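Colleague: Please take a close look at a single part for me: the helices towards the end of the chain and what they touch. Keep it brisk.

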Amino acid sequence: MRQKETVFVIPTHRLRDVAQTIEKYDENFWANGHAVKIMVFDDSSLANYEKYYPLLEQTKTVNDVFYVGPHEKEQFITFLNERLRDKKLESLVKNLFRPSYGGNRNFTLMYTLGHLMVSADDDMRPDALIETSPESLSGDEICRGKLVKSNQQDGYIHKSFDLLTAFEDVLGKRASHAPANFETGEFLIDTAMNLETNTTKGYFIENSLLLQRGRVLNNAVVKIAQTFRTGTNDIDTIDFVHMYLNDENQISPNDLNDFYILTNFRPVITNKNWRMDCGVAGYDNQLGLPPFFPTRLRFEDYIYRLWIQQEGIVAAHVDAVQNHIRNNYMRNPLASEIFNEEICSLLKNKIKDSVYHLDDLSIKFDYSGEVTLLDSEEILEKVSAIHSQVVQASLSTQNEERKQSLQLFANNLSRVFYGFEPDFFQQNVSRIVDDVISQFHASLEIWPTLVEICYLYKDKKNLPQIRVKNSRVKSRSVNKVTEIVA
């Protein structure tokens, strides 16, 4: 089958800040000789759409930019319900595509059916922080990185990569067709994280990704791929708390005082990918893919870590790196993020341990949402220890601003975790988990039918979208753009 064109998508709920993301990636594509369709999938409210959509029209791009926002999403959901002709299914459809991490990404999957898709979050940038004196990697080492202080100006550079070529080198192709510099193996082990949940093992200044050797079948197809990333690394919120506690000069826990830079890296194909990072990912969506978990909890991509374990499909870390700038605008407070991640870790383990079927468009698992007293007590014990460290830090600091910030953070932790009262915490977590899991099961059942509807429709007509009426330019340079004269 002839490989289809690649579509570049930006899922966002921060429409105010996405214009710069568009221009940065458009510049990267132009600089490397690519013409690509750019699509923005926006989870904004109608009020924010009306307020910030004009910012998209002020951008200047070489490539066409298309927008799918609240109006287009409503039209799309209406279209699906009309095709299903079953009132009982309308709530399931709405849940699959509701404003959430997974819901917005599910729109990207439907709109790019039949194509390759490359996706970048709105706070990603198409360059990276690379150490200026790289050291060689060891035999099983795939990459090595470390934290540096944000005020450190030397020792690393911003380096840009040809992102689309890096993805298209492998995405949708057989493993045997990968460039010769790709390593192959079973999976990657992060020296700083738990393998299957990606929860941190503690606070680390340096880490490496190590390749677990294994045979990759020559005819296995690369269905998902990702770049490496720098800036703020893919680490737990608790790591940010440890950074905060360890830096007496840091006033607010939301300040980012450390950057993650890469010392060296090399591309790899693996049978499994427990390090899946959907913020910098590409997908072979030519024949359809499973849905992201439709959830406001931040583990929507965990389904792909399970799904990729089928024989005959593999994942890749491509020969490129991108940079994460960690936008704090419209981001949940750290205490809420910690709660989110603890619930996510619980769900990851429960789902992983009960998976019994994988196929082209879905997974099936037995877990139905039970939360034991032991489950909740383990979470409370872990977070209570963090809370005690924060309280102790507030008592020991001489900086009055830092003291107030630490006390506020400690109070927020106590409030978010229901005052660390075991019975109250267990009851509320049980309700949350039960709701989430029941939604997952129902969504996974209906997804293949929706894929079939959209696949047939897209052969004849585009799904609801609008072309952004921004300024088109012929070319770009560092300081100027050359505009197209109408």
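Modeller: What follows goes through the helix packing, then a loop, then two strand residues.

This is a predicted model, in which local features need pLDDT of at least 70, side-chain atom pairs count only at pLDDT 80 or more, and totals for chains, interfaces and linings use all residues. Residues are numbered from 1 along each chain as its sequence is written, and side-chain values use heavy atoms, with hydrogens and water left out.

Helices (H or I, at least four residues) and strands (E, at least two) are DSSP runs, numbered from the N terminus. Start with helix 10 (residues 373–396) and helix 11 (residues 400–416). Their axes are 8 Å apart and pack at about 160°. Axes here are lines fitted to C-alpha atoms, for helices over the stretch in contact, and angles run from 0 to 180 degrees between N-to-C directions. Helix 10 and helix 11 are therefore roughly antiparallel. The classes are: under 35 degrees roughly parallel, over 145 roughly antiparallel, 65 to 115 roughly perpendicular, the rest oblique. The crossing of helix 10 and helix 11 is left-handed. That word applies if the near helix is turned anticlockwise from the far one by less than a right angle; clockwise gives right-handed.

Now the contact residues. Contact means heavy atoms within 4.5 Å. Helix 10 brings V383, I386, H387, V390, V391, A393, S394 and L395. Helix 11 meets them with K403, L406, Q407, F409, A410, L413 and S414. By class, this contact of helix 10 with helix 11 has 10 nonpolar, 4 polar and 1 charged. Ala, Val, Leu, Ile, Met, Phe, Trp, Tyr, Cys and Pro count as nonpolar, Asp, Glu, Lys and Arg as charged, and the others, Gly among them, as polar.

The pairing of helix 9 (residues 334–352) with helix 12 (residues 422–458) comes next. Their axes are 11 Å apart, at an angle of about 55°. Helix 9 and helix 12 are therefore oblique to each other. Their crossing is right-handed. Helix 9 contributes F339, I343, L346, L347 and I351, and helix 12 contributes F425, V429, I432, V433, V436, I437 and F440. The contact of helix 9 with helix 12 holds 12 nonpolar residues, no polar and no charged ones.

Helix 7 (residues 237–246) links to this set. Of its 10 residues, 9 are buried, so helix 7 is largely enclosed by the rest of the structure. Buried means under 20% relative accessible area, exposed over 50%, partly exposed in between (1.4 Å probe, protein chains only). The buried residues of helix 7 include D239, F240 and H242. They pack against helix 9, helix 10 and helix 11, as well as strand 8 (141–149) and strand 14 (258–265).

Look next at the loop between helix 11 and helix 12. Y418 lies there. So does F420. Most residues other than glycine have a negative phi. Y418 has a positive phi of about 55°, and F420 has a positive phi of about 60°. Y418 is partly exposed at 22% relative accessibility; F420 is buried at 18%.

Finally, two strand residues. Q322 sits in strand 17 (residues 313–324). At 2% relative accessibility, Q322 is buried. Its side chain makes a polar contact of 3.1 Å with that of T227. A polar contact is a pair of N or O atoms within 3.5 Å; within protein, one must be able to donate a hydrogen and the other to accept it, and residues adjacent in sequence count only if both atoms are side-chain atoms. T270 is in strand 15 (residues 268–270). T270 is buried, at 1% relative accessible area. A polar atom of the T270 side chain lies 2.6 Å from the backbone oxygen of K272.
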